[in-house]
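Let's explore a protein model together through a few short exercises. Take a moment to look it over before you begin.

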Amino acid sequence: MQSLSNQSLCIQDRISSLASMVGNTPLIALHMSWKGRRRVIYAKAEYFNLTGSIKDRMALNIFQEGFRTGQIKHGDTIVEATSGSSGIALASFARALGNPIRIYMPCTVSEERKAMLRSFGADLRLVEHDCGSISYARTSAANFAKDRDDVFLPDQFANEANSRSHEAATGPEILRQLASVGRQPDAFVAGVGTGGTIMGVGRALRKSNAKVRTYAIEPADSSSLSLERRPGKHRLQGLNTEFVPALLKKEEITNTFAVRDGDAIIMAQRLASQLGLAVGISSGANVIGALLAQDQIGQEATVVTVFCDDNKKYLSTDLVRTEPVRPDYISPDLELFGFQSITS
């Protein structure tokens, strides 16, 4: 009995230590010019989290709630389907807490994602069926967990602990940091992977001001959120285009913007090469979406988005190659001036 108590205490100590390395990330004020007007876009720098992405917030809350409610026991195998960042966060936290982890992941993701998961000791199962479908990866994970009481399936696309992590922490951090510079949010913009970020942050911001708008980003070459469903290949790794996740409530979304992956790549490249902000491709897409939202609301509007992760998981992708410019791209027409970091 004593050993069980000590084990429980040890788990809680480990969770507390992990929690100290997640959240309270800087809010970046990006200064730029577009369409001949000075603009400011705010972006939460989520690559400051433990494993370098916003998914650490979700992983932390899933483990906190799972151990507290008894859904997860010490030694249980964690199994999840992921395109990368969520799996990396879950793998890091699972190993820190003494739980083995199995990851089902589309084979088409970057080599860095695969290597990082293996480095955390994950049992990585690459899915080649149906061109590396995340849907098939989910089915594989569910089948592994079925009828087993020593396996925990987070199911990030439907687990409310995901969105709760952002409603309880990410959103309030944004409100506090904006208030420190005399601002209030008018809109929040984010790409949709699981839907947890846009749902949770949007709800937190609307508690402060019911008029705050939320805008979803989807790849222009593969739409699943807009009325016209056009699934296809795209390079915005981490954005889900095969199905609408259960966490996403369309009635809470003001509008959806389709962003071309080439435009997102150029934006991410420019943020790194001109401002030293080494962000991933989806972060480039989020900045483009934030500008489109600001254009819709008003050029003085306070629009917030997220830098989901940094560029380290994309160094084998087109992010480090010259991207052809199309006439409908936004990123080449921007003038970037600099940024300020808000940490209050």
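Below are four exercises on sheets and helices, each with a worked solution.

The model is predicted, so a filter applies: local features need pLDDT of at least 70, side-chain atom pairs count only at pLDDT 80 or more, and totals for chains, interfaces and linings use all residues. Residues are numbered from 1 along each chain as its sequence is written, and side-chain values use heavy atoms, leaving out hydrogens and water.

**Exercise 1. Find the order of the strands in the open sheet of 4 strands, and name its edge strands.**

Step 1. Helices (H or I, at least four residues) and strands (E, at least two) are DSSP runs, numbered from the N terminus. Two strands pair if DSSP finds at least two bridges between them.

Step 2. The order is β5-β4-β3-β6, and the pairing is parallel.

Step 3. β5 and β6 (151–152) are the edge strands, each pairing on one side only.

Step 4. Zoom in on β4 (residues 101–106) and β5 (residues 123–127): 5 bridges join these parallel strands. Arg 102 has Asp 123 of β5 as its bridge partner, while Ile 103 stands opposite Leu 124 in β5.

**Exercise 2. Work out the handedness of the β-α-β unit made by β4, helix α4 and β5.**

Step 1. Point the strands away from you; a crossover is right-handed if the path from the first strand over the helix to the second runs clockwise.

Step 2. With α4 spanning residues 111–119, the unit of β4, α4 and β5 is right-handed.

Step 3. Now add another helix: α3 (residues 85–96) lies across β3 (77–81) and β4, running at about 170° to β4. Such angles run from 0 to 180 degrees between N-to-C directions, and axes are lines fitted to C-alpha atoms, for helices over the stretch in contact.

**Exercise 3. Describe the open sheet of 7 strands and a helix that packs on it.**

Step 1. Its order is β9-β8-β7-β10-β2-β1-β11, with mixed pairing.

Step 2. β9 (255–259) and β11 (335–342) each have a single partner strand, so one side of each lacks a neighbour in the sheet.

Step 3. Ignoring direction, neighbouring strands here are turned by 30° against each other on average.

Step 4. β8 (residues 213–219) pairs with β9 in the parallel sense over 5 bridges, and Glu 218 stands opposite Ala 258 in β9.

Step 5. Helix α8 packs on this sheet, touching β7 (187–191) and β8, and its direction makes about 170° with that of β7. Touching, or contact, means heavy atoms within 4.5 Å.

**Exercise 4. Classify how helix α7 crosses α8, and how α2 crosses α7.**

Step 1. The axes of α7 (residues 160–179) and α8 (residues 196–208) come within 7 Å and cross at roughly 45°.

Step 2. Angles under 35 degrees count as roughly parallel, over 145 as roughly antiparallel, 65 to 115 as roughly perpendicular and the rest as oblique. α7 and α8 are therefore oblique to each other.

Step 3. Their crossing is right-handed; the term applies if the near helix is turned clockwise from the far one by less than a right angle, and left-handed if anticlockwise.

Step 4. Among the residues making this contact are His 166 and Leu 175 of α7 and Met 199 and Arg 203 of α8.

Step 5. For α2 (residues 55–69) and α7, the axes come within 8 Å and cross at roughly 120°, which makes α2 oblique to α7. This crossing is right-handed too, and its contact residues include Met 58 of α2 and Ala 169 of α7.
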